[in-house]
Amino acid sequence: MKTIDMNQALRLCKEAETMPQKQRGKLRDTRLMELACYARNYSPYFKKAYKDIGESFTLSQLPPTNKKQLMKDYEAWVTDPRIRYEDVFSYIESPEGGRELYLESYTAITTSGTTGNPMPMVRDPYHNTIHGALTKTRLLRQTDPDLMTPVKHKIAAAVFLDPHVSSYSSLLRMKQAYPGYESNVLELPINGDIADLVRMLDDFQPDLVTGYPSVMGALANAQRDGRMDISPQAIACSAEVLTEKVYQALHQTFGCPVLNNYCSTEGGEAAMSCPAGKLHVNDDWVIIEPVDEKGNPAREGEWSAGVYVTDLTNYVQPVIRYYMEDKVKIHSRPCSCGITLPVMEILGRTTENLMVGGVEVLGINVEYSLMYVEGVYSLQLVQTGDTEFEIRMVPESEETRLTAFEQAREIMLRFFKDNGCPQVNIRLSEKPPVHSEKGGKVKFIVKELDRR
């Protein structure tokens with residue numbers, strides 16, 4: 001198993017940021033070769049999958065994989081034969097899960113389970129050290145690199161309070177890692193009342209606020225309207241797509257760096273924001289391949305149907321060309337910040353389709369249609385009946401609520417008509433967007449037909 005100390009990891013991360021792309025590509029190819037060969041030698045799954053792969057190969061020659069394939073035989077996937085599927089879950093759910101290492105060697109978390117059953121991910125020290133270094137050097141580049149250390153700073157996190165969710169389990173591990181400083185960490189339940197979150201933040205006065213963008217827009221409104229008065233050194237967003245509207249609102253309202261992190265339980269920290277607010281792929285350590293519906297490389301400048309993710313740092317549970325339904329664009333043009341890491345835009349995960357009066361419409365096309373509605377930070381379309389819908393939103397202000405709703409309503413009426421659907425009824429809901437019970441993210445489309 002590979003090892004690395006933090007100082008070395010920090011140095012490698014800093015060097016690669018401004019490295020010419022060709023040089024970084026050679027470094028990436030070397031790391032891929034090492035990981036793939038290790039996986040073939042120690043993982044029964046990859047030994048079988050790579051049996052026809054020679055000693056010299058390229059990324060595209062490695063067969064892609066997905067959650068369903070890997071979960072068929074979890075014990076064959078991992079490279080440490082001591083790791084057992086049920087044991088990992090028992091460890092995660094136990095009180096020792098955040099305080100002690102699994103098998104005295106690893107950390108472990110699970111995926112949120114938003115696309116099916118949660119999948120346990122075991123991470124080795126090599127992975128944890130490198131991704132920790134990425135956080136310090138790239139995510140926190142505009143701030144104190146110890147801003148996420150509760151010994152020195154007060155940290156508030158708006159998360160889904162489920163220990164199986166990685167954002168919350170990481171928060172619990174942080175508190176347990178710094179005994180005596182637990183009071184410097186505040187958990188905010190994102191499925192609670194916004195007024196309660198505002199009150200708790202105002203009382204706490206955090207140095208760092210982290211959370212889902214769908215919540216952050218409402219907090220920006222509270223600060224701007226005088227219902228809250230905090231002065232964070234930075235705001236960090238993750239788990240959901242950070243739109244330009246929410247980014248600008250946070251930046252202008254709080255006057256501090258707004259940090260954005262595109263990550264997954266499977267692949268780790270894949271991309272992080274720069275001072276210009278753009279997401280840069282950490283492609284020296286995490287490879288993102290945008291692909292079309294057939295798994296072929298997506299054209300530059302066009303939204304992909306999904307991505308293949310390769311985490312070059314996890315040797316105990318290798319993630320190599322692992323398919324995820326995130327829709328992205330990766331650009332080759334340089335960023336004004338001077339960082340040579342590629343810039344990426346994210347649309348998110350594939351959205352569920354809708355049946356409207358017996359007519360099926362693609363959920364992703366609904367999302368495309370509504371993504372540019374003006375005057376909102378977060379918007380959710382809820383189907384309450386066969387042809388009955390409501391729109392829930394977090395508006396930029398109360399003054400924009402009605403105009404934003406009318407714009408969204410007109411877009412959807414025209415969309416359903418163009419798709420051959422019968423006449424529908426769309427109303428404005430006073431409720432805020434609802435968070436998923438698995439992972440806490442805001443789904444763009446929600447079906448509540450069985451709740452009436």
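Visitor: Let's start with strand E12: how many of its six residues are buried?

Guide: Five of the six, so E12 is largely enclosed by the rest of the structure. Keep in mind that we're looking at a predicted model.

Visitor: Which way does E12 run against E11, and how many bridges join them?

Guide: The two strands run antiparallel, and four bridges join E11 to E12. To pick out one of those pairings, find Val-309: its bridge partner in E12 is Tyr-322.

Visitor: Now the rings. How do I describe a pair of aromatic side chains?

Guide: You give the distance of the ring centres and the angle of the planes. A search of this whole structure finds 13 aromatic pairs. Take Tyr-126 and Trp-285: their ring centres are 6.4 Å apart and their planes stand at 80 degrees, so the pair is edge-to-face.

Visitor: Where do Tyr-126 and Trp-285 lie?

Guide: Tyr-126 is in helix H7 (residues 125-139), while Trp-285 is in the loop between strand E9 (279-281) and E10, so the pair ties together parts that are 159 residues apart in sequence. Both Tyr-126 and Trp-285 are buried.

Visitor: And what about Tyr-308 and Tyr-323: what kind of aromatic pair do they form?

Guide: Edge-to-face, with 6.0 Å centre to centre and 70 degrees between the planes. Tyr-308 lies in strand E11 and Tyr-323 in strand E12, so this pair ties together parts that are 15 residues apart in sequence. Check the accessibility of each partner: Tyr-308, at 9% relative accessibility, counts as buried, whereas Tyr-323, at 30%, counts as partly exposed.

Visitor: Which residues form one aromatic cluster with Trp-285?

Guide: Tyr-38, Tyr-42, Tyr-126 and Tyr-315 form that cluster together with Trp-285. Trp-285 also has a charge over its ring: the charged end of Arg-31 sits there, 3.5 Å from the ring centre. For another case, go to Phe-204, where the charged end of Lys-154 sits over the ring, 4.6 Å from its centre.

Visitor: On to helices. Why do residues three or four places apart point the same way in an α-helix?

Guide: An α-helix has 3.6 residues a turn, so residues with that spacing end up pointing the same way. Try helix H2 (residues 21-42), where the buried residues include Arg-24, Arg-28, Arg-31, Leu-32, Leu-35 and Tyr-38.

Visitor: What do the buried residues of H2 pack against?

Guide: Helices H1 (6-17) and H3 (44-49), plus strands E10 (286-291), E11 (306-311) and E12 (319-324). As for its span, H2 has 22 residues and reaches 31 Å from its first C-alpha to its last, close to the 32 Å expected at 1.5 Å a residue.

Visitor: Trp-77 is next on my list. Is it buried or exposed?

Guide: Trp-77 has 0% relative accessibility, so it counts as buried. You'll find it in helix H5 (residues 74-77). Leaving out residues up to four places away in sequence, Trp-77 touches several residues, among them Tyr-45, Phe-46, Met-119, Met-121 and Pro-318.

Visitor: How about sheets? What is the order of strands in the open sheet that has E17 in it?

Guide: The four strands run in the order E19-E18-E17-E20, and the pairing is mixed. Strand E19 (425-428) and strand E20 (445-447) stand at the edges, each with a single partner strand, so one side of each is left without a neighbour in the sheet. Neighbouring strands of this sheet are turned by 25 degrees against each other on average, direction ignored.

Visitor: In what sense do E17 and E18 pair?

Guide: Antiparallel, over seven bridges, with E17 covering residues 376-383 and E18 residues 388-395. Leu-379 stands opposite Met-393 in E18. Across E17, E18 and E19 lies helix H13 (residues 398-418), running at about 145 degrees to E18.

Visitor: Last one, backbone angles. What sign of phi do most residues other than glycine have?

Guide: Negative, for most of them. Leu-103 goes the other way here, with a positive phi near 55 degrees. Glu-104 has a positive phi too, about 60 degrees, although it is not a glycine. Leu-103 lies in the loop between helix H6 (85-93) and strand E1 (107-110), and Glu-104 is found in the loop between H6 and E1 as well. Leu-103 counts as partly exposed at 27% relative accessibility, while Glu-104 is exposed, with a relative accessible area of 73%.

How values were computed
Residues are numbered from 1 along each chain as its sequence is written. Side-chain values use heavy atoms; hydrogens and water are left out. The expected span of a helix is 1.5 Å times one less than its number of residues. Buried means under 20% relative accessible area, exposed over 50%, partly exposed in between (1.4 Å probe, protein chains only). Contact means heavy atoms within 4.5 Å. Rings of Phe, Tyr and Trp (its six-membered ring) pair if their centres lie within 6.5 Å; planes under 30 degrees apart count as stacked, over 60 as edge-to-face and the rest as tilted. A charge sits over a ring if NZ of Lys or CZ of Arg is within 6 Å of the ring centre and within 35 degrees of the ring normal. Two strands pair if DSSP finds at least two bridges between them. Axes are lines fitted to C-alpha atoms, for helices over the stretch in contact, and angles run from 0 to 180 degrees between N-to-C directions.
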